[in-house]
Amino acid sequence: MKPLSISAVMDPMRLRQPFRISGYVFEALPAVVVTLDDGAYTGRGEAGGVYYTGDDTEHMLAEIERCRDDIITCESREALRAVMPSGGARNAVDAAMWELESFRAGKPVWQLAGLAEPKPLVTTFTLSADDPATILRNLEGYRDARAIKLKLDGDFAADAERVATVRKARPDVWMMVDANQGYSIGGLDALVGVLADHDVSLLEQPLPRGNEADLEGFKSPVPIAADESCLDLSEIPAILGRFQVLNIKLDKCGGLTEALLMEQEARRLGLQVMVGNMAGSSLAAAPGFLLAQRCDIVDLDGPSFLAKDRDVGVTYTDGRVFCPAEVWGASVA
């Protein structure tokens with residue numbers, strides 16, 4: 001097989017406004033965009049990496065350069081999993097390989113992946129861990145939302161007020177919160193009590209990565225989702241009995257190829273499945289949207305936070321996200 005040509009560039013990905021979670025305030029979430037070219041067709045992939053593991057653009061670009069010879073001669077996406085570790089770099093390359101394969105075959109990626117034709121899905125819309133007045137202002141932009149994801153910052157009193165503010169303003173929406181590792185096991189009873197009182201349906205990643213054993217035997221009236229606690233397929237066994245939901249992010253696991261395997265394994269083990277994103281443009285959201293077709297919970301609002309998205313991008317209508325075929329891959333069914 002003729003070697004591919006590859007390019008990898010950084011995109012600054014400025015946000016419309018600063019975004020606050022536990023321990024971080026983001027004004028931009030830079031990404032790496034990979035292009036693979038076989039002389040006839042071009043495939044693209046985008047990844048934002050994983051900030052809490054040090055997987056930033058510099059690291060992703062270095063990984064792609066380190067693995068360059070293996071990438072350009074790689075015969076399949078399955079083989080790519082053996083030559084690159086999980087993380088953002090492999091996600092970008094994996095996505096580019098899917099799109100290249102799609103154009104070569106003249107088939108949309110969803111067909112190649114053995115999925116049904118994609119349909120619009122209800123997605124969460126995320127609120128930053130701001131003061132109540134700011135939260136209410138931002139909620140104005142989510143009037144059509146059917147599901148809300150509220151970020152917490154680990155300050156229990158402030159978080160309880162945030163939860164109450166959202167629920168009072170929007171008693172109609174399905175609601176979840178994301179603690180982003182901001183709590184310890186000692187504070188968890190009080191937190192889940194507040195969540196249950198305000199009809200919150202999911203608590204994402206309350207404890208720091210590495211503290212998963214603290215959840216052994218913990219009884220929560222609200223299901224708990226693993227995000228930072230489960231990065232890829234190999235880590236799923238460690239969350240059993242501690243979490244009820246697995247949040248799959250392509251930047252963590254290294255791409256759609258592994259993500260589909262994770263969804264299958266999670267189902268086999270009795271876990272519910274969520275798909276999330278590390279912000280990013282519609283090009284990054286497109287593979288996640290295909291995985292979302294097989295998920296219980298969808299959190300794909302990342303492109304809505306950008307100052308500028310792709311010219312052709314995902315759409316948000318009536319609280320649902322949809323990714324047109326023209327965004328990524330061949331559109332011929």
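This is a short tour of the predicted model, going from the whole chain to its sheets and then to a few single residues.

**Stop 1: the whole chain**

Start with everything shown as a cartoon. The protein chain carries 11 helices and 16 strands. Turn the C-alpha trace onto its principal axes, and the spans come to about 60 × 40 × 35 Å. A compact globule of 333 residues would have a radius of gyration near 20 Å, and the protein chain, with 19 Å, agrees with that.

Now try colouring by burial. Of the 333 residues, 54% count as buried. If you draw a contact map, look at the pairs with a separation of 6 or more: residues 24 or more positions apart account for 66% of those contacts.

Switch to a surface next. The protein chain exposes about 13700 Å², and carbon and sulfur atoms supply 50% of that area. For a look at charge, select the 33 positive and 50 negative side chains; the centres of the two sets lie 3 Å apart.

**Stop 2: the eight-stranded sheet**

Go back to the cartoon and select β7 to β14. These eight strands make an open sheet with parallel pairing, in the order β7-β8-β9-β10-β11-β12-β13-β14. Which strands stand at the edges? They are β7 (124-127) and β14 (297-298); each has a single partner strand, so one side of each is left without a neighbour in the sheet.

Begin at the β7 edge. β7 and β8 are parallel partners, paired over four bridges. Pick threonine 124 and you will find alanine 147 of β8 opposite.

Stay on β8 (147-151) and show its side chains. Are its residues buried or exposed? Five of its five residues are buried. Both faces are covered: Ala147, Lys149 and Lys151 lie on one side, Ile148 and Leu150 on the other, and all are buried. Note that the buried set includes the lysines Lys149 and Lys151.

**Stop 3: β9, β10 and two glutamines**

Select residues 174-178 and 202-204. These are β9 and β10, which run parallel and are joined by three bridges. Methionine 176 has leucine 202 in β10 as its bridge partner.

Now look at backbone torsions. Most residues other than glycine have a negative phi. Two glutamines here are worth picking.

- Glutamine 181 sits in the loop between β9 and α8 (188-197). Its phi is positive, near 70 degrees. Its relative accessibility is 22%, and glutamine 181 therefore counts as partly exposed, given that buried means under 20%.
- Glutamine 205 belongs to the loop between β10 and β11 (224-226). Its phi is near 40 degrees, again a positive value in a residue other than glycine. Glutamine 205 is buried, with a relative accessible area of 0%.

**Stop 4: β12, β13 and β14**

Move along to residues 245-249 and 272-276. Here β12 and β13 run parallel, with five bridges joining them. Lysine 249 stands opposite glycine 276 in β13. β13 is mostly covered, with four of its five residues buried.

On to the β14 edge: two bridges join β13 to β14, and the two run parallel. To see one of the pairs, select valine 275 and its bridge partner in β14, valine 298.

**Stop 5: leucine 271**

Step back along the chain to leucine 271, in the loop between α10 (256-268) and β13. How buried is leucine 271? Its relative accessible area is 6%, so leucine 271 counts as buried.

What is leucine 271 in contact with, leaving aside its neighbours within four places in sequence? Select Ile236, Ile239, Leu240, Phe243, Gln244, Val245 and Ala266 to see the set. Then put a distance label between C-alpha atoms: leucine 271 and glutamine 244 are 27 residues apart along the chain, yet separated by 5.5 Å.

**Stop 6: the three-stranded sheet**

Finish with β6, β15 and β16. They form an open sheet in the order β6-β16-β15, with antiparallel pairing. β6 (121-122) and β15 (315-317) are at its edges, each with a single partner strand, so one side of each has no neighbour in the sheet.

For a last close-up, select β15 together with β16 (320-322), which pair in the antiparallel sense over three bridges. Threonine 317 and arginine 320 in β16 are bridge partners.

Technical notes: Residues numbered from 1 in each chain as written. Predicted model: local features only at pLDDT ≥ 70, side-chain atom pairs only at ≥ 80, totals over all residues. Heavy atoms only, no water. Rg over C-alpha atoms; globule rule 2.2 N^0.38 Å. Buried < 20%, exposed > 50% of the residue type's maximum accessible area, 1.4 Å probe, protein only. Contact = heavy atoms within 4.5 Å. Areas by Shrake-Rupley, 256 points an atom, 1.4 Å probe, with all protein chains shown as cover. Lys, Arg positive; Asp, Glu negative; His and termini not counted. Charge placed at Lys NZ, Arg CZ, Asp CG, Glu CD. Pairing = 2+ DSSP bridges.
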